[in-house]
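Reader: I'm in my first year and still getting used to looking at helices. Could you pick one part of this structure and walk me through it slowly?

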Amino acid sequence: MLQSKPATTEALESPATTGGQDVAVTFATLAGMAGLALLIQGLLAYLLLPEGRGAYAVCVTFGSMLGLLLTPGAQQGAHYFVAARQMSVSQGVSSALIICIAGGGLAAALAVPLIYSGLAFFQQADPRAFLLSLTLAPLTAISIALGHHIIALRRFRPYGVFSILRVAANALMLLVLVRGLGLGVDGAIIAFAASHGFMIAASLLYLWRRYGMPFETPGRSNISRVLGYGLKYHAAGLGSAIEPHFGVLILGLFSTQGEIGLFAAASALMLGFMLVSNSVGFALFPRVAGTERVDMVALCLRLVFVAAALPMLVMLALSAPLVRLLLSEAFLPAVPLLWIIAPGVVAYSVSAILMTHFKGANRPHICSWAVFLGLCANLAALLLLYPALGVAAAAWGMTVGMACGCLFLALVFHRTTGTGLLAVWLPRRSDASFLWAAGRSALSGGIRGKSSAPAQPKEERKSP
């Protein structure tokens, strides 16, 4: 395959950080985002109540998913080629921007007739709110794509700062527009869109200053490569984005705003436990892009499973008072949903690491098959159980779908790598040694601003 020569060697330089430091930075980032996200969930719950929360969830999910649907390759395709050092930063960014702008325009053209079609889904909110949500199609797609580029370059600290500021801007705008000006659901959607606009501006300014990034026409070959990779992964990328919100989309066809609001709030709280898997996945991907490192992936799988399951058990034990405090009395009926969703989120955390492995090995189609299987299982369980269980069926569908996708990924991982079950899943003494070394490395990097060689574990010394 012909590979374009990067326009600058600056893009090819990796910061002198260990995996422990990168995980620590991304964990701190996502922990900060999770804290602010809890604040946002509380504001949405107290200000909009279950009915308004349901209308907001339907509109935001519709706009965001529409953007991802029509921008294949803008996130994962460009991300892969920049991380694998087969494309320069400017080529990757320009490819992503062209795809996102074209996809956003197409999204608006297709969606406006649907909004006024009279379909039940579009009766869940005012048409004005759905029209406002169309701004999310290009904004969220571009924001995610630029964030992926910064991660591909292993610049985790600026990504962390921008991400936390984005969520903080969302919370601040919610207070001003919903609480201060009384704009309700419309104000909440505008706040969400504005926060992604901030992320786009900050990311572009950083890339321009750090890499002197001029706009560079990517050319047909680069666009084709990005789209080619993106289309292979598109079903998985779209499905991974839809899967946590799939219940909202399906409930929007036949349920009430109140039920949608309860499910949306419960699923949002539980997905906060993706914190560890996302942190590890972000740090892992640049190290496995273009290669296979089975031992490192297996280590991450073991650590993520434990780190997701144990805090979740504590949270479930305190679920009723936490929901009363964070979301208000009106959301107490969502407590049983948390227990149902919990096993699915643990499986989803493991799936995130397995998908990172397959994306890095340039086999994203395996992720697509897993997500497709999970969505089918989710839909089947929801439709079968809804007449008897009501909104709880959406929670069961979410767990069943995530568990099926995880099982498929695990089976394919073992088959393609030739590893046994015990070799991957049985805890080892070296796992604790790795955690200790990673913690020391992260601490030394945080104090001195540089990596510490003695703190690097064996697996990490092989990293680029």
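Author: Let's start with a bit of vocabulary: the expected span of a helix is 1.5 Å times one less than its number of residues. Helices here are DSSP runs of H or I with at least four residues, numbered from the N terminus. One caution before we look: this is a predicted model, where local features need pLDDT of at least 70 and side-chain atom pairs count only at pLDDT 80 or more, while totals for chains, interfaces and linings use all residues. Residues are numbered from 1 along each chain as its sequence is written, and side-chain values use heavy atoms, leaving out hydrogens and water.

Now find helix α16, residues 392–417. With 26 residues at 1.5 Å each, α16 should span 38 Å, and its end C-alpha atoms are indeed 38 Å apart, so the two values agree. Right after α16 comes Gly418, which has a positive phi, near 70 degrees.

Next, who sits beside α16? Two packed helices are described by the angle between their axes and the distance between the axes. Here the partner is helix α15, residues 364–389: the axes of α15 and α16 are 7 Å apart, at an angle of about 155 degrees. (Axes are lines fitted to C-alpha atoms, for helices over the stretch in contact, and angles run from 0 to 180 degrees between N-to-C directions.) That angle makes α15 roughly antiparallel to α16, a label for angles over 145 degrees. The crossing of α15 past α16 is right-handed, meaning that the near helix is turned clockwise from the far one by less than a right angle.

Now zoom in on Gly401, which belongs to α16. Is Gly401 buried or exposed? Gly401 is buried, because its relative accessibility is 0% and buried means under 20% relative accessible area (1.4 Å probe, protein chains only). Which residues does Gly401 touch, if you skip its neighbours within four places in sequence? They are Glu243, Gly374, Ala377 and Asn378, where contact means heavy atoms within 4.5 Å. Take a good look at Glu243: Glu243 and Gly401 are 158 residues apart in sequence, yet their C-alpha atoms are 8.1 Å apart in space.

So, to trace the picture again on your screen: follow α16 along its 38 Å, spot α15 packed against it with the axes 7 Å apart, then stop at buried Gly401 and look across to Glu243.

Definitions and conventions
Helices (H or I, at least four residues) and strands (E, at least two) are DSSP runs, numbered from the N terminus. Buried means under 20% relative accessible area, exposed over 50%, partly exposed in between (1.4 Å probe, protein chains only). Angles under 35 degrees count as roughly parallel, over 145 as roughly antiparallel, 65 to 115 as roughly perpendicular and the rest as oblique.
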